Every structure is written in structure tokens, then in C-alpha cells.
Amino acid sequence: MNSEKIKKITASSLKWLFICVLIGFLSGSASAFLLAALEWAAQYRGQHNWVIWLLPIGGLLIGLGYHYYGKEVVKGNNLLLEEYENPQKTIPLKMAPLVLIGTIITHLFGGSVGREGTAVQMGGAIADQFTGLFKLDNSDRKTLIILGISAGFASVFGTPLAGALFALEVLYFSKISYKSIILSFLVAFIAYYTVELWEVKHTHYAIPIVPSFTLTLLLWIIPISVLFGLAAMLFSRSTHYWGSLFSKTIPYPPLRPFVGGIIFASAMYFIGTTKYLGLGVPIIVESFSNPSEYYDFLLKILFTGFTLGAGFKGGEVTPLFFIGATLGSALSIFVPLPIALLAGMGFVAVFSGATHTPVACTIMGMELFGMESGLFIGIACFIAYLASGSVGIYHSQIIKGAKYHLYQKFKRRKLDNF
């Protein structure tokens with residue numbers, strides 16, 4: 001290898017190291033601010049329950065903001081996936097403040113949403129700005145989008161390995177370079193440690209008892225994992241259904257979250273509980289030690305799908321954690337597995353089914369709950385992934401692989417029989 005080539009490789013490596021540090025620090029800092037802001041919003045709402053009646057006003061403000069200033073970024077995570085698959089133009093930086101403000105407003109007034117979508121969109125928008133700054137081509141721009149997704153996910157959940165893998169797996173059936181794989185892990189750890197630097201804490205979960213794996217337990221794990229997959233399918237279809245319904249019935253977009261806010265606040269008043277508002281982290285934590293109500297996961301599916309479909313901003317992943325953990329916890333009444341293990345399996349398995357990312361979810365489970373539960377979690381994630389159908393939470397995600405071919409074969413068989 002001549003000296004000129006060595007110089008080029010060194011210069012390129014230093015450039016990408018610098019880019020990773022910038023994206024990791026900026027995305028991690030944005031996630032740290034988001035986490036702190038959502039913690040404040042949850043505490044304020046808990047002390048002033050009346051603010052839920054302001055949800056329609058908050059929804060109107062979000063709707064107006066996106067309608068007049070953010071039409072080109074309203075697709076959110078789907079825009080990142082589309083720009084990766086078919087690069088057109090740099091994602092506007094305004095995606096980051098718009099989704100951040102919209103998410104804080106939604107949480108402050110009680111909307112049932114998560115935070116992953118916000119962190120990923122902020123990370124993606126921040127990362128893509130380096131396209132012009134460093135005069136990168138479309139191939140390198142794809143790497144930037146992966147880095148933004150990785151940094152956002154890793155920093156908001158405190159799971160760097162899962163964050164890096166999620167960014168790669170959610171785009172798995174598009175072309176991904178080896179360079180992107182290495183840099184995805186690097187930026188994930190930089191973003192993760194940036195949140196640590198800001199001294200913002202993540203929620204900790206524990207599975208204290210993990211039994212020895214046996215064939216008898218496997219016969220229990222398979223059907224409950226299918227249930228986790230069906231819950232993921234129901235969540236994805238519910239979110240798409242409400243979005244389609246609001247689009248068809250209310251032509252003026254800013255009015256959709258306004259009307260949705262009125263209906264949601266009224267529903268919360270009549271059912272007389274606040275457990276389905278916001279992230280629902282206290283309910284998730286409780287599900288690891290006390291059996292949840294059998295209907296908790298269904299109501300969270302309903303309220304989160306409705307909130308997101310109406311046009312409020314946030315993410316889907318923490319609600320998916322809620323759905324899976326409470327479903328697993330409720331099953332502990334008759335399934336001979338420890339309650340914390342069932343809650344943990346559901347926690348990541350429903351997420352796996354809804355995002356088609358079983359590898360990342362398995363790693364996330366081990367990062368959050370410990371290596372001891374890895375076999376149980378891995379089986380649950382892969383079965384839920386296979387059982388969750390071909391529709392996920394991201395419209396623009398390319399679904400291929402084993403599940404894709406399985407469903408294509410099933411469709412062909414149905415047509416042949418018909």
C-alpha cells in the first residue's frame with residue numbers, strides 16, 4: 001500500500017471519527033434534554049391533573065406548527081427510512097425542534113405516546129446536516145442517517161448495543177456498508193456516554209429469578225410469544241387505522257389533534273384513571289412485581305394508537321414496552337414462569353414484532369435485564385417477530401427475510417386454493 005493511499009484512509013478515518021463525535025454528542029445532548037423535559041412534564045401533570053383538559057389546545061398548536069412550518073417533516077421516522085432508501089434532499093433541521101416541542105406538549109397534557117420516535121428524528125435531522133457541511137455523496141449520506149438513528153435510540157434508552165443494531169436492522173434489507181456497521185456502534189456509545197455526562201438517568205429494570213431452561217417451559221414460551229406478536233400486530237394496525245380515520249374524516253390537519261384531544265381527555269375523565277397517560281413507566285416498573293390487570297395492555301394499545309393517529313407527537317416504543325410488560329405480567333397468573341421474566345419477555349418481544357427487529361430487541365433485553373434471561377428473551381423476540389404479521393409501525397420500512405417469504409408463500413397458497 002503506497003503512502004498516498006494510507007494518507008487518504010487516515011484522512012477519511014479521522015473525518016468519520018470527528019463526524020461520529022459531533023453526531024453522538026449533539027444527539028445525546030438532545031436526548032438528555034428530552035428525557036429531563038419529559039420527567040418534568042410527567043411530574044407537573046401528576047401534581048396538576050386538570051392540565052389534561054388543555055390537551056386539545058396543545059394538539060391544535062402541534063397541528064398548526066406542522067401544517068404551516070413542518071409539512072416536509074410530518075412523516076417523522078418514515079421520512080428517515082424513505083431518505084435512506086431513495087435519497088432526495090437533506091432532512092430539514094427544523095424536524096428536531098418541531099418534534100421535540102410537539103412531544104413535550106403531548107406529554108405535559110397527558111397524551112399516550114413514547115419518546116423513541118422523537119429521539120430518532122432529532123438524531124436523524126442533526127446527522128443529515130453534515131451532508132452539506134462535509135460535501136458527502138448519497139452513499140455517505142445513508143451512513144449519516146444510520147448514525148442519527150443509532151445515536152438517538154441508544155441515548156434515549158441507555159442501550160448502546162441495541163441502538164446500534166436497531167439502526168442497522170430496521171434498514172437491514174437496504175444496502176448497508178461495513179463502514180456503517182462500525183460507525184453505528186461507535187456513535188451509539190458516544191451518544192450513550194453523552195447522556196451519562198449530563199447526569200440524566202434511565203429507568204432500571206431487573207429480573208431477579210431466571211429458572212433453568214426446560215422443554216416444558218419452551219412449550220409455555222411458544223404460545224405466549226405468539227400472543228406478544230399478535231399484540232404487536234394489533235398495535236401497528238390500530239395506529240394505522242386511527243391515522244387513516246382522522247385523515248378521512250377531518251380534512252384540515254390542525255383540527256385532527258384538537259378533536260382527538262377532546263375525545264381523549266373526556267375518555268380519561270370517564271374511566272377515572274391516569275395510568276394510561278404519557279409513558280406509563282411507573283406501571284411498567286410495577287408490572288415486574290405485581291400482576292397487571294388483563295385489560296391494561298389493550299387499553300394502552302387503544303389510547304396510544306388513537307393519540308398518534310390523531311397527530312400528536314412522540315414515539316411508539318415505550319408504549320410497546322408498556323403493552324408487552326403488562327401483558328406478560330397478566331399472564332403470570334397461570335403461566336409457570338416468574339412474573340419479572342414474563343414482563344421482561346413481553347417488554348421486548350412486542351417491540352420486536354412491531355418493528356421487525358428481533359436481533360436488536362434480544363440484545364436490548366440482555367442489556368436491560370441481564371445475560372441470564374437472554375435465551376428466554378431471544379426465543380420470545382423471534383417468535384413474536386414471526387407472529388406479528390407483515391405490517392409494522394413504520395409504513396416505509398422494507399420487510400423481507402424469513403417472515404417476508406413466509407407470508408408471500410402463504411398469500412400464493414391462498415390464491416391457488418381460491
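# Notebook: a loop residue, a helix pair, salt bridges and a patch

**Leu277.** I started with Leu277, which sits in the loop between helix 11 and helix 12. The model I am reading is a predicted one. I looked up the accessibility of Leu277: the relative accessible area is 5%, so Leu277 is buried. Next I listed what Leu277 touches, leaving out residues up to four places away in sequence. The list holds Arg45, Ile52, Gly110, Gly111, Phe264, Met268 and Lys300. I also checked one distance from Leu277. Ser238 is 39 residues away in sequence, and the C-alpha atoms of the two are 17 Å apart.

**Salt bridges.** I searched the whole structure and got 6 salt bridges. I then went through some of them.

Lys94 and Glu72 pair through their side chains, with N to O at 2.9 Å. Lys94 belongs to the loop between helix 3 (77-85) and helix 4 (95-108), and Glu72 to the loop between helix 2 (55-69) and helix 3, so this bridge ties together parts that are 22 residues apart in sequence. I checked how open each partner is. Lys94 is partly exposed at 32% relative accessibility. Glu72 is partly exposed too, at 37%.

Lys75 and Glu82 form another bridge, N to O at 3.1 Å. For Lys75 I noted a relative accessible area of 47%, which is partly exposed. For Glu82 I noted 28%, also partly exposed.

Asp296 and Lys275 come next, with their closest N and O atoms 3.2 Å apart. This pair links distant parts of the chain, 21 residues apart. Asp296 is in helix 13 (residues 296-309), and Lys275 is in the loop between helix 11 (255-271) and helix 12 (281-287). Are the partners buried or partly exposed? Asp296 has a relative accessible area of 2% and is buried. Lys275 has 24% and is partly exposed. The cut-off for buried is under 20%, so the two partners fall into separate classes.

I also found a network. Glu83, Asp128 and Arg141 are joined into it by salt bridges that share partners.

**Helix 7 against helix 8.** I turned to how these two helices pack. Helix 7 covers residues 138-157 and helix 8 covers residues 160-169. Their axes are 8 Å apart and make an angle of about 145°. I logged the crossing of helix 7 past helix 8 as right-handed. Then I wrote down who makes the contact. Helix 7 gives Ile146, Ile149, Ser150, Phe153 and Ala154. Helix 8 gives Pro160, Ala162, Gly163, Ala164, Phe166, Ala167 and Leu168.

**Ser150.** I picked Ser150 from the helix 7 side. Ser150 is buried, at 0% relative accessibility. I set aside neighbours within four places in sequence and read off the contacts of Ser150: Gly163, Ala164, Ala167, Ser184, Val187 and Ala188. I checked one more distance. Ile23 is 127 residues from Ser150 in sequence, yet their C-alpha atoms are 9.9 Å apart.

**Helix 8.** How many of the residues of helix 8 are buried? I counted 8 of the 10, so helix 8 is largely enclosed by the rest of the structure. The buried ones are Pro160, Ala162, Gly163, Ala164, Phe166, Ala167, Leu168 and Glu169. I asked what covers them. The cover includes helix 7, helix 9 (178-197), helix 15 (339-355) and helix 16 (358-369).

**Glu169.** I looked at Glu169 on its own, as a residue of helix 8. Its relative accessibility is 15%, so Glu169 counts as buried. Not counting residues up to four places away, Glu169 touches His356, Thr357, Pro358, Val359 and Ala360. Pro358 is where helix 16 (358-369) begins.

**Nonpolar patch.** Last, I looked at the surface. I found a nonpolar patch of about 1,100 Å². Its residues are Trp40, Tyr44, Trp50, Trp53, Leu54, Ile57, Leu61, Tyr269 and Phe270. Which elements give two or more residues to the patch? They are helix 1 (3-47), helix 2 and helix 11. I checked one member, Tyr44, which lies in helix 1. Tyr44 is partly exposed, at 30% relative accessibility.

Definitions and conventions
Residues numbered from 1 in each chain as written. Predicted model: local features only at pLDDT ≥ 70, side-chain atom pairs only at ≥ 80, totals over all residues. Heavy atoms only, no water. Salt bridge = Lys/Arg side-chain N within 4 Å of Asp/Glu carboxyl O. Helix = DSSP H or I, 4+ residues; strand = E, 2+ residues; numbered from the N terminus. Buried < 20%, exposed > 50% of the residue type's maximum accessible area, 1.4 Å probe, protein only. Patch = residues over 30% accessible without salt bridge, like charges linked within 9 Å, V, L, I, M, F, W, Y side chains within 5 Å. Areas by Shrake-Rupley, 256 points an atom, 1.4 Å probe, with all protein chains shown as cover. Axes fitted to C-alpha atoms, helices over the stretch in contact; angles between N-to-C directions. Left-handed = near helix turned anticlockwise from the far one by under 90°. Contact = heavy atoms within 4.5 Å.
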